[in-house]
Amino acid sequence: MKTNIHKIERIARVIIGLVATSMAFWGPTNLWFLLGLVPVATGLLGWCPPYAMLGINTCNLGKKTN
């Protein structure tokens, strides 16, 4: 598994995932909060399976290429 998510995107995924997961403690009582675990996991791993299948790699964004 080669990293295919940019650092800023990884941080955003973890924050959004934690907010969604926190719904279990203060939000409506349903299981939708479990979807927050997906962005947390992909953010921590730095690898996104759909990105890999589609050939997307955001790691190189912002780098100059000659």
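A residue is called buried when its relative accessible area is under 20%. With that cut-off in mind, the tour may begin; the structure on display is a predicted model.

**Stop 1: the whole chain**

Select the entire protein chain. Of its 66 residues, 23% are buried. The chain has three helices and zero strands, and the order along the sequence is α-α-α. Its radius of gyration is 14 Å, well over the 11 Å that the globule rule gives for 66 residues, so the chain is more spread out than a compact globule. Turn the model and compare this with the box that the C-alpha atoms fill, roughly 50 × 20 × 15 Å along the principal axes.

Next, display the surface. The chain exposes about 5,200 Å², and carbon and sulfur atoms supply 72% of that area. Contacts within the chain can also be sorted by separation in sequence. Among those between residues at least 6 apart, 71% join residues at least 24 apart.

**Stop 2: helix 2 and Gly43**

Select residues 37–45, which form helix 2. Which residues of this helix are buried? They are Val40, Thr42 and Gly43. The cover over these buried residues includes helix 1 and helix 3.

Now select Gly43 alone, within helix 2. Its relative accessible area is 4%, and Gly43 therefore counts as buried. Apart from neighbours within four places in sequence, Gly43 is in contact with Arg10, Arg13 and Val14. To see how the chain brings separated parts of the sequence together, draw a line from the C-alpha atom of Gly43 to that of Ile15: the two residues are 28 apart along the chain, and the line spans 9.0 Å.

Move on to Gly46, just after helix 2. This glycine takes a positive phi of about 80 degrees.

**Stop 3: Asn4, before helix 1**

Select Asn4, in the segment that precedes helix 1 (7–26). Is Asn4 buried or exposed? Its relative accessible area is 5%, so Asn4 is buried. Show its contacts, leaving aside neighbours within four places in sequence: the partners are Gly46, Trp47, Cys48, Tyr51, Ala52, Ile56, Asn57, Thr58 and Cys59. Gly46, the residue with the positive phi, is thus one of the residues that Asn4 touches.

Two distances from Asn4 are instructive. Gly36 lies 32 residues away in sequence and 20 Å away in space, from C-alpha to C-alpha. Asn60 is 56 residues away along the chain, and the C-alpha atoms of Asn60 and Asn4 are separated by 8.7 Å. Asn60 itself is in the segment after helix 3, and with a relative accessible area of 48% it is partly exposed.

**Stop 4: Thr58 and its partners**

Select Thr58, in the segment after helix 3 (49–54). Its relative accessibility is 11%, and this places Thr58 among the buried residues. Beyond residues up to four places away in sequence, Thr58 touches Asn4, Ile5, His6, Glu9 and Tyr51.

Where do the polar atoms of this side chain meet others? A polar atom of the Thr58 side chain lies 2.9 Å from the backbone nitrogen of His6. The side chain of Thr58 also forms a polar contact of 2.9 Å with the side chain of Glu9.

Follow that second contact to Glu9, which belongs to helix 1. Outside its neighbours within four places in sequence, Glu9 is in contact with Tyr51 and Thr58.

**Stop 5: Tyr51 and Arg13**

Select Tyr51, a contact partner of Thr58 and of Asn4. What sits over the ring of Tyr51? The charged end of Arg13 does, 5.2 Å from the ring centre. Arg13 has appeared before, as one of the residues in contact with Gly43.

Rings can be examined in pairs as well. A pair of aromatic rings is described by the distance of the centres and the angle of the planes. In this model the count of aromatic pairs comes to zero.

**Stop 6: Met53, in helix 3**

Finish with Met53, in helix 3. The relative accessible area of Met53 is 71%, so this residue is exposed. Draw a last line from Met53 to Ala12: the residues are 41 apart along the chain, and their C-alpha atoms are separated by 21 Å.

Terms used:
Residues numbered from 1 in each chain as written. Predicted model: local features only at pLDDT ≥ 70, side-chain atom pairs only at ≥ 80, totals over all residues. Heavy atoms only, no water. Helix = DSSP H or I, 4+ residues; strand = E, 2+ residues; numbered from the N terminus. Buried < 20%, exposed > 50% of the residue type's maximum accessible area, 1.4 Å probe, protein only. Polar contact = N/O pair within 3.5 Å; in protein donor to acceptor, adjacent residues only side chain to side chain. Contact = heavy atoms within 4.5 Å. Phe/Tyr/Trp six-rings, centres within 6.5 Å; stacked < 30°, edge-to-face > 60°. Lys NZ or Arg CZ within 6 Å of the ring centre and 35° of its normal. Rg over C-alpha atoms; globule rule 2.2 N^0.38 Å. Areas by Shrake-Rupley, 256 points an atom, 1.4 Å probe, with all protein chains shown as cover.
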